[in-house]
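Please open the model in your viewer and keep the sequence panel beside it. The tour below goes from one selection to the next and says what is found at each stop.

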Amino acid sequence: MGKRIVVTKKDEELWKKTMVVEHEERLRQAMLTSNVKALDELIDHDLIFVNHFGQVLTKEADLEAHRSEVVNFTDITVMEQRVKLLDLSAITVTRVSLEGNAGADSIEEEMCYMRVWRPIDGKLKIISGHCSSVK
């Protein structure tokens with residue numbers, strides 16, 4: 001008879017956190033390359049995102065900013081990341097150093113992103129988020 005494998009709650013939590021961090025990395029890569037297809041897969045169609053100016057943005061507005069290259073990141077370095085698992089979702093708080101352009105303006109600053117990830121139709125997606133400038 002085969003050996004019985006016991007998965008503890010701690011093991012399950014670690015696996016879930018690892019999966020969320022992997023999705024955060026996929027998002028970082030998609031943002032760096034303006035990969036609209038990958039962003040579309042990672043972001044829920046009902047996204048509510050508040051940017052550092054306090055503007056509420058939709059998924060389509062975010063995708064269009066990358067599609068039209070209004071936003072173009074040349075570097076996104078993760079400086080710190082925390083993951084909090086909830087019953088049916090996960091919250092990430094990620095501090096990054098950003099470089100690139102937003103329209104005619106150059107970007108070179110630290111930002112803190114908060115995102116809510118939730119499994120939807122078997123895929124982990126961002127349903128809400130916020131970013132703040134770190135001074």
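Helices here are DSSP runs of H or I with at least four residues, and they are numbered from the N terminus. With that in mind, select Glu-69, which follows helix 3 and has a positive phi, near 65 degrees. Keep in view throughout that this is a predicted model.

**The whole chain**

Now zoom out and colour by secondary structure: the protein chain holds 3 helices and 6 strands, and from the N terminus on these elements run α-α-β-β-α-β-β-β-β. Turned along its principal axes, the C-alpha trace spans about 65 × 30 × 25 Å. Of the 135 residues in the protein chain, 32% are buried. If you switch on a surface, the protein chain exposes about 8800 Å², of which carbon and sulfur atoms supply 54%. Colouring by charge shows 19 positive and 23 negative side chains, with the centres of the two sets lying 9 Å apart. Among contacts between residues at least 6 apart in sequence, 48% join residues at least 24 apart.

**Helix 1**

Select helix 1 next, residues 9-33; its 25 residues reach 36 Å from the first C-alpha to the last, close to the 36 Å expected at 1.5 Å a residue. Which residues of helix 1 are buried? Show the side chains of Val-20, His-23, Glu-24, Leu-27, Arg-28, Ala-30 and Met-31, which are the buried ones. Their cover includes helix 2, helix 3, strand 3, strand 4 (90-102), strand 5 (105-120) and strand 6 (123-133).

Stay in helix 1 and centre on His-23, which counts as buried because its relative accessibility is 12%, below the 20% cut-off. Not counting residues up to four places away in sequence, His-23 touches Leu-42, Trp-117 and Leu-124. Then move past the end of helix 1 to Ser-34, which follows it and whose phi is positive, near 50 degrees.

**Strand 1 and helix 3**

Go on to Ile-43, in strand 1 (residues 43-50). Is Ile-43 buried or exposed? Ile-43 counts as buried, because its relative accessibility is 3%. Leaving out residues up to four places away in sequence, Ile-43 touches Lys-59, Asp-62, Lys-125 and Ile-126. A distance drawn from Ile-43 to Leu-63, C-alpha to C-alpha, should read 9.3 Å, although the two are 20 residues apart in sequence.

That distance line leads into helix 3 (residues 59-67), where Lys-59, Leu-63, Ala-65 and His-66 are buried. These four cover an arc of only 155 degrees around the axis, so they lie on the same side of helix 3. Show the surroundings as well, since the buried residues of helix 3 pack against helix 1 (9-33), helix 2 (36-42), strand 1, strand 2 (56-57) and strand 3.

**Strand 3**

For the last stop, select Thr-77 in strand 3 (residues 71-85). Thr-77 is partly exposed, with a relative accessible area of 36%. Leaving aside neighbours within four places in sequence, Thr-77 is in contact with Arg-95, Val-96 and Ser-97. A final distance, drawn between the C-alpha atoms of Thr-77 and Asp-62, gives 20 Å for two residues that are 15 residues apart along the chain.

Key:
Residues are numbered from 1 along each chain as its sequence is written. This is a predicted model: local features need pLDDT of at least 70, side-chain atom pairs count only at pLDDT 80 or more; totals for chains, interfaces and linings use all residues. Side-chain values use heavy atoms; hydrogens and water are left out. Helices (H or I, at least four residues) and strands (E, at least two) are DSSP runs, numbered from the N terminus. Buried means under 20% relative accessible area, exposed over 50%, partly exposed in between (1.4 Å probe, protein chains only). Contact means heavy atoms within 4.5 Å. The arc is that of the directions from the helix axis to the C-beta atoms. The expected span of a helix is 1.5 Å times one less than its number of residues. Accessible areas come from the Shrake-Rupley method with a 1.4 Å probe; for residues, only the protein chains shown count as cover. Lys and Arg count as positive and Asp and Glu as negative; His and the chain ends are not counted. The place of a charge is taken as NZ of Lys, CZ of Arg, CG of Asp or CD of Glu.
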